[in-house]
Amino acid sequence: MPLRSKFSTKKTPTRRSVSLNNLNNLESSIREENYGVNYDAPKFKLGGHEFKFDDENGMWLSDAGSSGVSQREMMKMKKQNQALQEENNLLKLKMEMLLDMLAESTAEKHLLEKELGEGETWKSKRK
């Protein structure tokens, strides 16, 4: 004889979780003003050096290097150095082109003077 029970439980309906936190309903400006929810750049310390995450470059930067110059200043100097090197290369190229143009015009001048000199002697021979 099978064991059957006439007692059956009804499944309870699932409960909706209601957040008691009202911060989600507030605008971000009001949230910052009232609760001071302002996030700075993430930072951590490793081996006596403090590192910050730079959102602009997407890199971790140390606050102060071994020479006392901050990583941010170092990157600015590298960018400025790169720009100056590119400008220097451009100016060298322009100077080389100008020297080539000067050499070409000097050679043309000498050829014209030579032709004129031969022309004058040719005219003097005809007379």
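## A pair one turn apart

Lysine 109 and glutamate 113 lie 4 residues apart in helix 2 (residues 71-126), so about one helical turn separates them. Their side chains meet in a salt bridge, at 3.1 Å from N to O. Both ends of this pair are partly exposed: lysine 109 has a relative accessible area of 46%, and glutamate 113 has 41%. Side chains of opposite charge can pair when their charged atoms come close.

The model is predicted. Everything below should be read in that light.

## The other salt bridge

How many salt bridges does the count give? The count comes to 2. Besides the helix 2 pair, lysine 43 forms a salt bridge with glutamate 50. Here the closest N and O atoms are 3.9 Å apart. The cut-off is 4 Å, so this pair counts.

Is glutamate 50 buried or partly exposed? Glutamate 50 is partly exposed, because its relative accessibility is 26% and buried means under 20%.

## Overall layout

The chain has 2 helices and 3 strands. From the N terminus, the elements follow the order α-β-β-β-α.

Of the 127 residues in the chain, 4% count as buried. The accessible surface comes to about 12900 Å². Carbon and sulfur atoms hold 54% of that surface. Among contacts with a separation of 6 or more, residues 24 or more positions apart account for 0%.

## The sheet

The 3 strands form an open sheet. Their order is 1-2-3, and the pairing is antiparallel. Strand 1 (43-46) and strand 3 are the edge strands, and each pairs on one side only. From one strand to the next, the twist averages 30°.

Strand 1 pairs with strand 2 (residues 49-54) over 4 bridges, in the antiparallel sense. Which residue of strand 2 is the bridge partner of lysine 43? The partner is lysine 52. Lysine 43 thus has two listed links: a bridge to lysine 52 in the sheet, and a salt bridge to glutamate 50.

## A nonpolar surface patch

Which residues form a nonpolar patch on the surface? They are Phe44, Leu46 and Trp60. Together they have about 310 Å² of accessible area.

Tryptophan 60 sits in strand 3 (residues 59-62), an edge strand of the sheet. Tryptophan 60 counts as partly exposed, because its relative accessibility is 42%.

How values were computed
Residues numbered from 1 in each chain as written. Predicted model: local features only at pLDDT ≥ 70, side-chain atom pairs only at ≥ 80, totals over all residues. Heavy atoms only, no water. Buried < 20%, exposed > 50% of the residue type's maximum accessible area, 1.4 Å probe, protein only. Contact = heavy atoms within 4.5 Å. Areas by Shrake-Rupley, 256 points an atom, 1.4 Å probe, with all protein chains shown as cover. Patch = residues over 30% accessible without salt bridge, like charges linked within 9 Å, V, L, I, M, F, W, Y side chains within 5 Å. Pairing = 2+ DSSP bridges. Axes fitted to C-alpha atoms, helices over the stretch in contact; angles between N-to-C directions.
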